[in-house]
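Thanks for making the time this morning. I would like to walk you through one strand and its neighbours, and then turn to a pocket, so please have the model open in front of you.

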Amino acid sequence: MKKQIHKILKKLGYKILNISKKEKDIQDLVRSFAVKIDKNDLVFNSAGYLFEIKKYFPELTLESHKEGVLAHFKDLRLYIESSEEFFIVKEVFVEKDYNLVSNESFVVFDIGMNIGISSLFFALNKNVEQIYSFEPVVTTYNQAVYNLELNPAYSNKIKAFNFGLGGFSRVEKVLYNSQAKGNCGIRLESSLVIDKANAKEIEINIKNITEVLPDLMDKHPRQKKVLKIDCEGAEYEIVQKLSDTNVLADIDILLIEWHDKGAKILEDLLVANDFRVISRHLTSITGMIYAFK
């Protein structure tokens with residue numbers, strides 16, 4: 001138990017010298033949520049992320065629900081099953097990885113919807129008129145659809161598809177772990193979170209992005225087009241395909257999380273297609289690219 005608490009405290013930046021006080025802070029935080037059934041110690045194991053979310057959204061409440069908890073904040077309800085999903089909530093709603101600010105109207109293509117967190121974040125933006133969301137893993141897609149159903153005031157903007165997008169159509173084998181849904185993709189063992197020892201192999205459907213995107217974009221001739229891409233390794237083939245087919249010329253903004261192969265491949269493609277690029281390295285194998293015209 002102490003080792004778990006020490007790990008959480010280190011994530012929060014506390015020194016071990018203060019551990020007794022910080023242990024009490026964690027206990028107080030977990031107790032304050034009063035979750036009756038904390039399956040898999042989800043609340044306790046997510047305490048580091050919950051500290052940050054609670055600071056930004058003091059109205060945050062949690063309640064037992066199905067195999068996880070129902071989180072209430074900012075007029076939203078989200079069904080959460082893992083600590084990773086609370087990490088994504090922190091990334092999207094606290095750190096604002098996709099905080100698009102403009103007076104123009106937008107259509108967003110959420111490539112890598114996961115459980116719907118980013119799609120709902122975009123839906124809160126009054127200038128985002130429509131979101132098209134793509135998630136190939138059936139169980140993850142079903143959780144996303146459930147989260148959309150929990151938020152009808154915003155999900156009326158969102159149309160979800162149970163397939164992924166890539167450079168060409170195929171059925172792909174990937175590794176899946178229900179506690180690390182956000183790491184499921186063509187990276188396979190390259191992911192530091194998922195390996196064959198803690199995951200199962202599943203098949204997902206991927207469709208050629210150029211056979212899907214242009215028809216959807218044609219429905220919105222007056223809106224700016226935004227691609228949010230977080231698809232665990234497929235970002236390289238997607239951007240390459242869009243460049244090769246000149247579809248990239250019709251896209252205004254890209255928000256990309258890259259993995260493993262570095263940023264330069266994507267940076268060069270985007271600059272060659274007249275985008276201005278802001279590129280951040282988060283770790284040695286991941287980073288964010290923001291590209292705009």
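In this predicted model, the side chains of strand β4 are split between two directions, with F106, V108 and D110 pointing one way and V107, F109 and I111 pointing the other, and all of them are buried. That pattern follows the general rule that side chains in a regular strand alternate between the two faces of the sheet. Strand β4 covers residues 106-111, and six of its six residues are buried, so that we can describe the strand as mostly covered.

Let me move on to what lies beside the strand. β4 pairs in the parallel sense with strand β5, residues 128-134, over six bridges, and within that pairing the bridge partner of D110 is S133. Helix α6, residues 117-123, joins these two strands in a right-handed β-α-β unit. β4 also pairs in the parallel sense with strand β10, residues 224-229, again over six bridges, and there F106 stands opposite K224.

Now to the pocket. Which residues lie nearest the centre of the second largest pocket? They are D97, N99, L100, L255 and Y290, out of 14 residues that line the pocket. Strands β11 (253-259) and β13 (286-292) are the elements that each give two or more residues to that lining. By class, the lining holds ten nonpolar residues, one polar residue and three charged residues, and the space within the second largest pocket comes to about 220 Å³.

Definitions and conventions:
Residues numbered from 1 in each chain as written. Predicted model: local features only at pLDDT ≥ 70, side-chain atom pairs only at ≥ 80, totals over all residues. Heavy atoms only, no water. 1 Å grid on protein atoms, 1.4 Å probe; cavity = no way out; pocket = protein on both sides within 12 Å on 5 of 7 lines; lining within 4 Å. Points joined across faces, edges and corners; volume = space filled by probe spheres on them. Helix = DSSP H or I, 4+ residues; strand = E, 2+ residues; numbered from the N terminus. Nonpolar A, V, L, I, M, F, W, Y, C, P; charged D, E, K, R; others polar. Buried < 20%, exposed > 50% of the residue type's maximum accessible area, 1.4 Å probe, protein only. Pairing = 2+ DSSP bridges. Right-handed = clockwise from strand over helix to strand, strands pointing away.
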